[in-house]
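Biologist: Hi, I'm new to this one. Can you pull it up and walk me through it?

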Amino acid sequence: MFEQPNSVLIAGAGGGLGQALVAEVGRRCPQARLLTISRSQPPSQLLQAAANRHLCVQLGRPEAVQQVREFLRRQAQLPEWVINCCGILHDGDHAPEKSLDQCSDEWLLTSMRGNLLTHLHLAQALGPLLSRGNPLLWASLSAKVGSIGDNQMGGWYSYRISKAALNMLVKNLAIEWGRRLDSSCVVAIHPGTTDTDLSKPFQKRIAPGKLYSPQLSAERILEVLQGLKPSDSGRLLFWDGQVIPW
Ligand SMILES: NC(=O)c1ccc[n+]([C@@H]2O[C@H](COP(=O)([O-])OP(=O)(O)OC[C@H]3O[C@@H](n4cnc5c(N)ncnc54)[C@H](OP(=O)(O)O)[C@@H]3O)[C@@H](O)[C@H]2O)c1
């Protein structure tokens, strides 16, 4: 039902998975008009086509809502797919917390901005533009460690907390847009451990064969998305399409 979109928006397009998804959408959906959002300039594959189709914005800031809405209003059509890749696990000064005493307000709030508000603001920008007849597939890249039901190990407080909050946002959006639109599917998806800047500091501990290239993860994600139906809405999905408990 959502197999061949006419228009696709990818946010966080400058990240490892974002760039790979841009390339893979180009391969699988050559007819789709591709829109990108990033804090940086357009991904290199898009430079020629980028005029008017790329927005450079800090999605985590509140003013992004209006900027993105104006960007979407300027487009010939609204995106039928939205894939939001924004997320943060560490920076130069912060690593994931192993225990409660390593938690700080500052890093938790930064994590909420990077993992939750970047998705909330994009939804707030798009929501008022949607009308009942618009088909919409929304996929937020989340993480299995954001599942409360699946949490066996603890730790990684700020990342887990902010991804769990993102998961609740996705569930709420699935309900609200499911009521408003004739045809929608809103999911969170775990891409699998992928070789990007986000996973770099932790790759030594990953079992052989369990660290996937961005291209392979992008292929898997799009394989799942192309098979989704409105009845799949409101789920957290593994990269092979299996349902992960919230
Ligand atoms: N890699 C993995 O193993 C793995 C595993 C599980 C889940 N994930 C999830 O998959 C998604 C993509 O991750 P990735 O591996 O591609 O990581 P990445 O290369 O670090 O890319 C993440 C992108 O998120 C955007 N971003 C981060 N903080 C932001 C902020 N405060 N405001 C606005 N945008 C921000 C940036 O996009 P721009 O540069 O375009 O602005 C950044 O490049 C994330 O949500 C991550 O949590 C990844």
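Modeller: Sure, let's start with Ser7: leaving aside neighbours within four places in sequence, Ser7 is in contact (heavy atoms within 4.5 Å) with Ala32, Arg33, Leu35, Gln77, Leu78, Pro79, Glu80 and Trp81. This is a predicted model, where local features need pLDDT of at least 70, side-chain atom pairs count only at pLDDT 80 or more, and totals for chains, interfaces and linings use all residues. Residues are numbered from 1 along each chain as its sequence is written, and side-chain values use heavy atoms, with hydrogens and water left out.

Biologist: Where does Ser7 sit, and is Ser7 buried or exposed?

Modeller: Ser7 is in strand β1, residues 7–11. Strands (E, at least two residues) and helices (H or I, at least four) are DSSP runs, numbered from the N terminus. Ser7 has a relative accessible area of 0%, so it counts as buried. Buried means under 20% relative accessible area, exposed over 50%, and partly exposed in between, using a 1.4 Å probe and protein chains only.

Biologist: And how far apart are Ser7 and Cys29?

Modeller: They are 22 residues apart in sequence, and 9.2 Å apart in space from C-alpha to C-alpha.

Biologist: Switching to the ligand. Which residues come nearest?

Modeller: Gly14, Ser38, Arg39, Tyr159 and Thr196, out of 27 residues around the ligand. A residue counts as near if one of its heavy atoms lies within 4 Å. Helices α1, α3 and α4 each supply at least two residues of that shell.

Biologist: What kinds of residues make up the shell?

Modeller: The shell has nine nonpolar, 16 polar and two charged residues. Here Ala, Val, Leu, Ile, Met, Phe, Trp, Tyr, Cys and Pro count as nonpolar, Asp, Glu, Lys and Arg as charged, and the others, Gly among them, as polar.

Biologist: Which polar atoms approach the oxygen atoms of the ligand?

Modeller: A polar side-chain atom of Ser38 lies 2.6 Å from a ligand oxygen. A polar backbone atom of Cys86 is 3.0 Å from a ligand oxygen, and for a polar backbone atom of Leu141 the distance is 3.3 Å. Taken alone the ligand exposes 870 Å², and the protein buries 90% of that.

Biologist: Tell me about Ser38. Buried or exposed?

Modeller: Buried, because its relative accessible area is 7%. Ser38 belongs to strand β2, residues 33–38. Beyond its neighbours within four places in sequence, Ser38 is in contact with residues including Ala13, Gly14 and His54.

Biologist: New topic: how many salt bridges are there?

Modeller: Eight, counting a side-chain nitrogen of Lys or Arg within 4 Å of a carboxyl oxygen of Asp or Glu. One of them joins Arg28 to Glu24, with the closest N and O atoms 2.9 Å apart. Both residues lie in helix α1 (residues 16–28), four residues apart, about one turn of the helix.

Biologist: How exposed are those two?

Modeller: Arg28 is partly exposed at 21% relative accessible area, whereas Glu24 is buried at 5%. They also belong to a network of salt bridges that links Glu24, Arg27, Arg28 and Glu223.

Biologist: Which salt bridge links distant parts of the chain?

Modeller: Arg132 and Asp182 form one, at 2.9 Å from N to O. Arg132 is in the loop between α3 (105–126) and β5 (136–141), and Asp182 is in the loop between α4 (157–180) and β6 (184–189), 50 residues apart. Arg132 is partly exposed at 43%, while Asp182 is exposed at 56%.

Note on methods
Polar contact = N/O pair within 3.5 Å; in protein donor to acceptor, adjacent residues only side chain to side chain. Areas by Shrake-Rupley, 256 points an atom, 1.4 Å probe, with all protein chains shown as cover.
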